[in-house]
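These are numbered notes for a colleague who has not looked at this structure before. Please read them with the sequence and the model open.

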Amino acid sequence: MSLTQTIDTSKTQAIPAPFPNTKGTVTLTVLNSDQSLGPAVALLRMEPGSEIPRHLHEHTTELSYVLEGDFINEGIAYSKGTEISVTPMTAHGPHTTKTGCSVLVTFSYPSTLDDFKLA
């Protein structure tokens, strides 16, 4: 039995971010949601001027890695190559972008969509 999983991202669908009160165009492409294979992983894309409101995760640790663009968290702009870690019950955001961005996000379980509360 192989524990290796390969995702062909050209065959995965981006979905509108299901977070309440999100503004603009924000999408998620879920790359892994199988807990047996490790953390939940998603590609977050935000178009210029988009916003994800201030929020927290009650049980989930979130790690974000900026792949391109400007990812703004709490008014601080982070550029390509920046990693941001957020522990459970830590309010963070709003997340915004001036130029658009792509961010690789990993979540401990419960996964990506299950643990999002407005702060």
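1. Start with Glu74, which counts as partly exposed because its relative accessibility is 42%. The model is a predicted one. Glu74 sits in the loop between E7 and E8. Its phi is positive, about 55°, although Glu74 is not a glycine. Most residues other than glycine have a negative phi.

2. Glu74 also takes part in a salt bridge. Its partner is Arg54, and the closest N and O atoms of the two are 2.8 Å apart. Arg54 lies in the loop between E4 and strand E5 (55–56), while Glu74 lies in the loop between E7 and E8, so the pair ties together parts that are 20 residues apart in sequence. Arg54, like its partner, should be read as partly exposed, since its relative accessibility is 35%.

3. How many salt bridges does a search of the whole structure find? The search finds 2. Besides the pair just described, Arg45 forms a salt bridge with Glu68, with 3.9 Å between the closest N and O atoms. Here the link runs between two strands: Arg45 is in strand E3 (residues 40–46) and Glu68 in strand E6, so parts 23 residues apart in sequence are tied together. Arg45 is partly exposed, with a relative accessible area of 37%. Glu68 is partly exposed too, at 43%. As background, side chains of opposite charge can pair when their charged atoms come close.

4. The strands on either side of the Glu74 loop belong to an open sheet. This sheet has 4 strands in the order E4-E10-E7-E8, with antiparallel pairing. Which strands are at the edges? They are strand E4 (51–52) and strand E8 (76–78), each of which pairs on one side only. E7 and E8 run antiparallel and are joined by 3 bridges. Asn73 has Ile76 in E8 as its bridge partner. In general, strands of a sheet pair through backbone hydrogen bonds.

5. Next, the internal space. Rolling a probe the size of a water molecule over the atoms shows where empty space is left. In this model, a search of the whole structure gives 2 cavities of 30 Å³ or more. The largest has a volume of about 80 Å³. Its lining includes Phe19, Leu28, Leu44, Phe107 and Phe116, as well as the histidines His55, His57 and His95. By class, that lining is made of 7 nonpolar, 3 polar and 1 charged residues.

6. The second largest cavity has a volume of about 30 Å³. Glu62, Ser64, Phe71, Asn73, Ile84, Val86, His92 and His95 form its lining. Strand E6 (62–69), strand E7 (71–73) and strand E9 (83–86) are the elements that give two or more residues to this lining. The classes here are 3 nonpolar, 4 polar and 1 charged. Glu62 and His95 appear in the linings of both cavities.

7. Val86, one of the residues lining the second largest cavity, is found in strand E9. Is Val86 buried or exposed? It is buried, because its relative accessible area is 8%, and the cut-off for buried is under 20%. Leaving aside neighbours within four places in sequence, Val86 is in contact with Thr60, Thr61, Glu62 and His92. Ser64, 22 residues away from Val86 along the chain, has its C-alpha atom 8.5 Å from that of Val86.

8. Thr29, in strand E2 (residues 26–32), is another buried residue, with 10% relative accessibility. Apart from neighbours within four places in sequence, its contacts are Thr12, Gln13, Ala14, Val41, Ala42 and Leu43.

9. Two further backbone details deserve a look. The peptide bond from Gly93 to Pro94 is cis, with omega near 5°, whereas most peptide bonds are trans. Pro94 is placed in the loop between E9 and strand E10 (95–96). Asn21, in the loop between strand E1 (15–16) and E2, has a positive phi near 65° and is not a glycine. Asn21 is exposed, with a relative accessible area of 54%.

How values were computed
Residues are numbered from 1 along each chain as its sequence is written. This is a predicted model: local features need pLDDT of at least 70, side-chain atom pairs count only at pLDDT 80 or more; totals for chains, interfaces and linings use all residues. Side-chain values use heavy atoms; hydrogens and water are left out. On a 1 Å grid over the protein atoms alone, a cavity is a set of points where a 1.4 Å probe fits but cannot get out, and a pocket is an open set with protein on both sides within 12 Å along at least five of seven lines; lining residues have an atom within 4 Å of a point. Grid points are joined across faces, edges and corners, and a volume is the space filled by probe spheres set on the points. Ala, Val, Leu, Ile, Met, Phe, Trp, Tyr, Cys and Pro count as nonpolar, Asp, Glu, Lys and Arg as charged, and the others, Gly among them, as polar. Buried means under 20% relative accessible area, exposed over 50%, partly exposed in between (1.4 Å probe, protein chains only). Contact means heavy atoms within 4.5 Å. Two strands pair if DSSP finds at least two bridges between them. A salt bridge is a side-chain nitrogen of Lys or Arg within 4 Å of a carboxyl oxygen of Asp or Glu.
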